[in-house]
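Colleague: I'm new to this one, could you put it on the screen and walk me through a few places?
Modeller: Gladly, here it comes.
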Amino acid sequence: VYVRKDMRGKELQKIFPALGTINTITLYESFAPEIAEQVKKRVLDLHRRFSLFEQGSDIFRINEQAGIITVPVHPDTFFVLSHALDYGWETQGAFDITSGAASRLWRDAIRSAQIPSESDIAGCRSLSGLTDLILDKADGTAFLRRNGQQIDLGGIAKGYAADEAVRILKKYKVHNALINFGGTVIAIGREQKMGIQNPFQKNGESMADVMVKNKAVVTSGSYERGFFFEGIRYHHIIDPRTGRPADSELLSVTLIGDSAMELDALATGICVLGEEKGLPLLEKRGIEAVFISNDGEVRITRGLQRDFF
Ligand code: AMP
Ligand code: MG
């Protein structure tokens, strides 16, 4: 999702790259640059812990030591890893942070617009497994059982960061703010109009709008990154069961609820699981949803009817 232009009142905005995306913190009314700076610092810390690519990040070290030795990690990392495993079980393995090898394979494939070999796909697929990530709460360590296994927090990290941003803003009694971490959005205080990206159009063209207040909104979409080859689209949301881009008939899943981390994980998972299997998970947790299917059809959950147009 993205935020439709909000013209009311003055604002202070901080924009910076982290977590593989562009992040925006907007404060309305309260002009406290040091608060925005605190939030930014927190997000950069999280980036340094969660990054796949920065040598020495917790995730980098877990991956580097896969099959070798347990790795002590920061409590932030431990928290996200253990919740990510829970979402993994809850989505029947559709959301799987241990499918990092397959994610990397397809990331490279998308970059070069070339389909990986069958043996590479099979190899990466066999490397995912929720039971292979061993977390030890008492020691604060993480361990991947098998050589070559890879954790990838790309499907959940922005959500956790957004929740943390809100926690800091609340601590400083900021009542009107907007967090937008690469389309993972939380509106605090004033009501905001969120545009749901039209998967068939360029960025910034919405298919529908939702009004949101004191809620998080997260979109996962296979349309975001990918390429076409011989009429078939290959993208970045991987079905861990096949080791290939998910094929659930959904182009995008937008979720509205309270915890951005939860929404982030479930939105990615439901892109894999599909609408039918996803709905009961959402109902149980009081999460509203907008689904856009391959043929461009838009469906919403009942609780959203008043705020959707
Ligand atoms: P999101 O934008 O939140 O949907 O996250 C997409 C990113 O999550 C991808 O770029 C991968 O890094 C990672 N990912 C892809 N497939 C999965 C999956 N099935 N479970 C968990 N993470 C995934
Ligand atoms: Mg996600």
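Colleague: Where is Lys41 found?
Modeller: Lys41 is found in helix H1, residues 33–50, where helices are DSSP runs (H or I) of at least four residues and strands (E) of at least two, numbered from the N terminus. This is a predicted model, in which local features need pLDDT of at least 70 and side-chain atom pairs count only at pLDDT 80 or more, while totals for chains, interfaces and linings use all residues. Residues are numbered from 1 along each chain as its sequence is written, chains are lettered from A and ligands numbered from 1 in the order in which they are written, and side-chain values use heavy atoms, with hydrogens and water left out.
Colleague: Is Lys41 buried or exposed?
Modeller: Lys41 counts as exposed because its relative accessibility is 53% (exposed is over 50% relative accessible area, buried under 20% and partly exposed in between, with a 1.4 Å probe and protein chains only).
Colleague: New topic: which protein donors does the magnesium ion (ligand 2) have?
Modeller: They are Gly155 (O), Asp264 (O), Asp264 (OD) and Thr268 (OG1), at 1.9 to 2.4 Å from the ion; donors are N, O and S atoms within 2.8 Å of the metal (3.2 Å for Na, K and Ca), and sites may look incomplete because water is not among the atoms.
Colleague: And where do Gly155 and Thr268 sit along the chain?
Modeller: Gly155 is in the loop between strand E6 (141–144) and helix H6 (157–171), whereas Thr268 is in helix H7 (residues 260–273), so this pair, 113 residues apart, links distant parts of the chain. Both Gly155 and Thr268 are buried.
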